[in-house]
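Student: Please take a close look at a single part of this model, the surroundings of ligand 1, and describe them in one connected account.

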Amino acid sequence: MKKTILITGGAGFIGSHVVRLMVNKYPGYRILNLDALTYAGNLENLKDLEEKPNYAFVKADITDEKAIREVFEKHKPDGVIHLAAESHVDRSISDPLAFIRSNVVGTVNLLNAARNLWENDKEGKCFYHISTDEVYGSLGATGLFTEETAYDPRSPYSASKASSDHMVRAWHHTYNLPVVISNCSNNYGPNQFPEKLIPLAINNIKHKKDIPIYGKGENVRDWLFVEDHAAAIDLIFHKGRNGETYNIGGNNEWTNIDLIRKLCEVMDKALGREPGESVKLITFVKDRAGHDKRYAIDSGKLMTELDWKPSLQFEEGIEKTVDWYLKNEGWLENVLSGDYANYYSQQYDNR
Ligand code: NAD
Ligand code: DAU
C-alpha cells in the first residue's frame with residue numbers, strides 16, 4: 001500500500017516547493033495537495049507536476065469542517081504536512097479575523113479529522129504543523145530564539161500562529177495525536193507573492209517605482225532560501241521525534257535597509273543598469289504597527305539531531321531569486337493582475 005501524504009497550502013509559496021520535493025523524491029507516496037486557492041494560492045506554481053501519477057489536487061477550505069472530514073474519510077492520509085494559512089503580517093493588521101479563521105479554526109478542523117481517522121491506529125502517522133519564528137516575539141540586539149523561548153506573539157498573524165501551535169500540542173497531550181512542529185525564519189525565493197518585502201522590491205525596482213521601507217529600515221530578519229526550508233521539512237517529517245519542536249533558520253541576519261541595498265546592487269547588475277541607480281528608489285514610509293524589531297533563530301537542535309544545514313549562501317540565493325523573477329515575468333504579471341492593485345494602493349498610498 002502506498003502512503004498518502006496530505007499537504008495543505010501546497011499552491012502557496014513554501015507549500016509549492018514542499019509539494020515538488022515530495023512528489024519528485026518519493027514516487028511511492030501519493031501526494032495530495034489541499035488548498036482553497038485564496039489570493040495567495042496559485043496552481044501555476046505546480047504546472048510541472050500536473051501529469052505526475054503520484055500527485056493530485058483537491059480544492060477545499062480548511063475552515064470548512066465538513067469538507068475536511070470528507071477529504072480525510074475519502075483519502076485516508078497517513079501523514080499531514082500543514083502549511084495552509086493566512087501568512088502576511090500587514091493583512092493581519094487590517095483583517096485579524098481572517099487569520100483566526102484559517103490559522104486557528106482551520107488547524108483545529110485538521111487536527112480533529114486526523115484524530116478521528118487515526119483513533120485506533122497511530123503507527124507511522126504524523127501531523128506536521130509548519131509554524132513561524134514570529135511566535136517567539138521580538139529580540140533586542142543580541143540573543144537567539146531557541147525551542148525553549150517563551151511564546152510572546154505581538155501581531156494578529158503571530159498570535160494566530162502561536163494559538164495554532166498550542167492547539168497542535170494540546171491534541172498531542174490530550175488525544176495522543178502524533179505531531180511535530182517546526183518554527184522557521186523568513187523565507188525567500190521563487191514563487192513568493194509580491195506583497196512580501198523581497199518580491200515587492202524586485203517588482204518595484206524592475207518598474208523603477210519607489211521601494212517602501214517601513215520606519216528607518218533598522219528591523220532585522222533572518223533569511224532562508226525556500227528550498228532549504230523544504231529540505232528541512234522533508235527531514236523533520238521523516239525523522240523528527242514525536243511531540244518535538246524544531247527551529248529552522250538561515251543564520252543570515254540583515255537589517256531591511258542593508259538587505260534592500262544588496263538587492264538593488266544585484267538588480268542593477270542583472271538589468272544592466274548603472275551601479276547605484278536602483279538604490280535611489282528607496283523611500284522611507286510610515287512604520288508597520290507593532291513592528292517586531294529583530295528575529296534570529298538558533299537551529300542547533302535541527303543541525304545536531306537531524307544533520308540539516310542550509311545549502312546556499314545568501315549571495316547565491318538572492319541572485320537565483322532575482323534571476324527567477326526576471327525570467328518569469330508572466331507569473332508576476334498574472335499574480336499582480338487580480339486584487340493586488342487594490343491591496344497595494346490601500347497599503348502604500350498616503351503612507
Ligand atoms: P502563502 O500565503 O504563500 O500560501 C498560503 C497558502 O495557503 C495559499 O496557497 C493559500 O491559498 C492557502 N490557504 C490559505 N488559507 C486557506 C484555507 N482557509 N484553506 C485552504 N488553503 C488556504 O504562505 P507561505 O509564505 O507559503 O507560508 C506557508 C506556511 O509557512 C504558513 O503556515 C506560514 O505561517 C508558514 N511560514 C512562512 C514563512 C515565510 O517566510 N513565508 C516563514 C515561516 C513559516
Ligand atoms: O519570520 C517568518 C515570517 O516572515 C513568516 O511567518 C511570515 O509569513 C512572512 O510573511 C514573514 O513575515 P515578515 O513580516 O518578516 O515579512 P515581510 O516580507 O512582510 O517583511 C519583512 C520585513 O520588511 C519586515 O521587517 C517588514 C519590512 N517591510 C515589509 C514590506 C512588505 C518593509 O519595510 N516594507 C514593505 O513594504
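**The surroundings of ligand 1**

Tutor: In this predicted model, a nitrogen atom of ligand 1 lies 3.0 Å from a polar backbone atom of Ile62, a polar contact (a pair of N or O atoms within 3.5 Å). Two side chains approach oxygen atoms of the ligand. In Ser87, a side-chain N or O atom is 2.7 Å from an oxygen atom of ligand 1; for Lys161, a side-chain N or O atom is likewise found 2.7 Å from a ligand oxygen. On its own, ligand 1 has 840 Å² of accessible area (Shrake-Rupley method, 1.4 Å probe), and the protein covers 96% of that area.

Several elements (DSSP runs: helices H or I of at least four residues, strands E of at least two) give two or more residues to the shell: helices H1 (13-25) and H5 (156-175), with strands S5 (126-132) and S7 (186-188). Strand S5 contributes the most, with 3 residues. In total, 28 residues surround ligand 1 (a heavy atom within 4 Å). Ser87 and Lys161 are among the closest, together with Ile14, Asp35 and Tyr157. By class, the shell holds 14 nonpolar, 11 polar and 3 charged residues, with Asp, Glu, Lys and Arg counted as charged, Ala, Val, Leu, Ile, Met, Phe, Trp, Tyr, Cys and Pro as nonpolar, and the others, including Gly, as polar.

Residues are numbered from 1 along each chain as its sequence is written, with chains lettered from A and ligands numbered from 1 in written order. Local features need pLDDT of at least 70 and side-chain atom pairs 80 or more, while totals for chains, interfaces and linings use all residues; side-chain values use heavy atoms, without hydrogens or water.

Conventions: Polar contact = N/O pair within 3.5 Å; in protein donor to acceptor, adjacent residues only side chain to side chain.
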